[in-house]
Amino acid sequence: MYKIAVLPCDGVGPEVVAEGLKVLQVACDKHEVQYETVEYDVGGDRYLRTGEVLPDSVMDELREMDAIYLGAVGHPDVPPGILEKGILLALRFELDQYINLRPVKLYPGVDTPLKDKGPEDIDFVVVRENTEGLYAGAGGAVRKGTPHEVATQTAIYTRMGTERCVRYAFELAGEREQKKLTLVDKANVLTYGHDLWTRAFAEVAEEYPDIETDHAYVDASCMWMVKNPEWFDVIVTCNLFGDIITDLGAMIQGGMGVAAGGNINPEGVSMFEPIHGSAPKYTGKNVICPIAAISAAGMMMEHLGEKEVGKAIDSAVAQALASGKLGDLSTRSGVKTTEAGDLVASLI
Ligand code: IPM
Ligand code: MN
């Protein structure tokens, strides 16, 4: 009996999470996997009502869960940073979810804006370091608001944090067919931090002689992701670059509506979410594609060791996408969020 925490949070989060849970229920029933969900009311509305972001008591309960399923964070009436840092980043850091796993996979039947590229060309995974780098929150400001203002924002890279991320990526590459790992960085400019990455990567690589290694600067990687996405199998990169390139990745795999991810602590509690944001202007309109959230639920079950359930969800998603019944997956597709969820559930 798995205990799954559900944090629908803001904007369209609750709508897509409802569809993910709908599909999860059918898939788990079919494969006789039992779970219970505990829903937590956190997000912008609670913050505006009570001033609370993520109470310690909630954090303590989340530590005891088997997994966390999250919708989206961000509210138009709350200044940027409060909910992002207070909920999403707090969970990633506190639960030490040091891997952000983001598959970039074009399913058959899904349109990509890349001319002449198809599902055989776009199938890679980004392993984003998820607890350090420019996200670490190191920095400050003096003389704020004056012409003499000084602001610093420091990237923190630890050898331990880099190495465990790189090692996870090598292990993942070893499980895939192509067995190739590309380090994406900016070592030509970030000559301290990304020098650490370069050395950690090279040293760990010696333990994995069967994995082909490659390197690309992040700017060039953006070019290759568009020009030759088939060159990538697994990418490992720092927190900020991983954030940026996975939005590009989402576009080439068919849009934000299909891109799912997992915040993984291989030894602890992991959290699964669509990588899109809360899209406030579409809240309550029933127009957002829930496929990313549904796939995130599949990744969660796969991670929990319920391979059959994970596979069932993934193949139902693949069939739904191939059926053409989901339109162009955009908010203008004419397909309702709930209809898309019903379709996937019916295909389990
Ligand atoms: C993501 C998001 C978050 C991030 C934001 C909401 C803090 O963009 O999960 O990619 O930057 O990591
Ligand atoms: Mn992002």
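## A tour of pocket, ligand and cavity

By class, the wall of the largest pocket splits into 15 nonpolar, 6 polar and 9 charged residues. This is a predicted model, and that pocket is a good place to start the tour.

**Stop one: the largest pocket.** Select Leu-101, Pro-103, Leu-172, Met-299 and Glu-302: of the 30 lining residues, these lie nearest the pocket's centre. The space here comes to about 960 Å³. Now switch to cartoon and colour the strands β4 (99-105), β5 (123-129) and β11 (260-264), then the helices α5 (159-175), α9 (291-303) and α10 (307-322); each of these elements supplies at least two residues of the lining. Next, colour by domain. Domain 1 takes in 1-110 plus 259-348 and domain 2 runs over 112-253; both give residues to the lining, so the largest pocket lies between them.

**Stop two: ligand 1.** Keep the domain colours on and centre on the ligand. Which domains give residues to the shell around ligand 1? Domain 1 and domain 2 both do, so the ligand lies between them.

Show the shell as sticks: Glu-84, Leu-88, Arg-92, Arg-102, Arg-128, Tyr-135 and Asp-243. By class, that shell has 5 charged residues, 2 nonpolar and no polar ones. Helix α4 (residues 82-94) gives the most to the shell, with 3 residues.

Then put distance labels on three side chains, each time from a polar side-chain atom to an oxygen atom of ligand 1:

- Tyr-135 comes to 2.6 Å from a ligand oxygen.
- Arg-92 has a polar side-chain atom 2.7 Å from a ligand oxygen.
- Asp-243 places one 2.8 Å from a ligand oxygen.

Turn on the surface before leaving. On its own, ligand 1 has 320 Å² of accessible area, and the protein covers 77% of that.

**Stop three: the cavity.** Rolling a probe the size of a water molecule over the atoms shows where empty space is left. How many cavities of 30 Å³ or more does the count give? The count comes to 1, with about 60 Å³ of space in the largest cavity.

To find the spot, select Val-287, Ile-288, Cys-289 and Pro-290, then add Leu-326, Leu-329, Ser-330, Ser-333, Val-335, Lys-336 and Ala-340; together they line the largest cavity. Colour this lining by class and you get 8 nonpolar residues, 2 polar and 1 charged.

Conventions:
Residues numbered from 1 in each chain as written. Chains lettered and ligands numbered in written order. Predicted model: local features only at pLDDT ≥ 70, side-chain atom pairs only at ≥ 80, totals over all residues. Heavy atoms only, no water. 1 Å grid on protein atoms, 1.4 Å probe; cavity = no way out; pocket = protein on both sides within 12 Å on 5 of 7 lines; lining within 4 Å. Points joined across faces, edges and corners; volume = space filled by probe spheres on them. Nonpolar A, V, L, I, M, F, W, Y, C, P; charged D, E, K, R; others polar. Near = heavy atom within 4 Å. Polar contact = N/O pair within 3.5 Å; in protein donor to acceptor, adjacent residues only side chain to side chain. Areas by Shrake-Rupley, 256 points an atom, 1.4 Å probe, with all protein chains shown as cover. Helix = DSSP H or I, 4+ residues; strand = E, 2+ residues; numbered from the N terminus. Domains from an automatic or database assignment.
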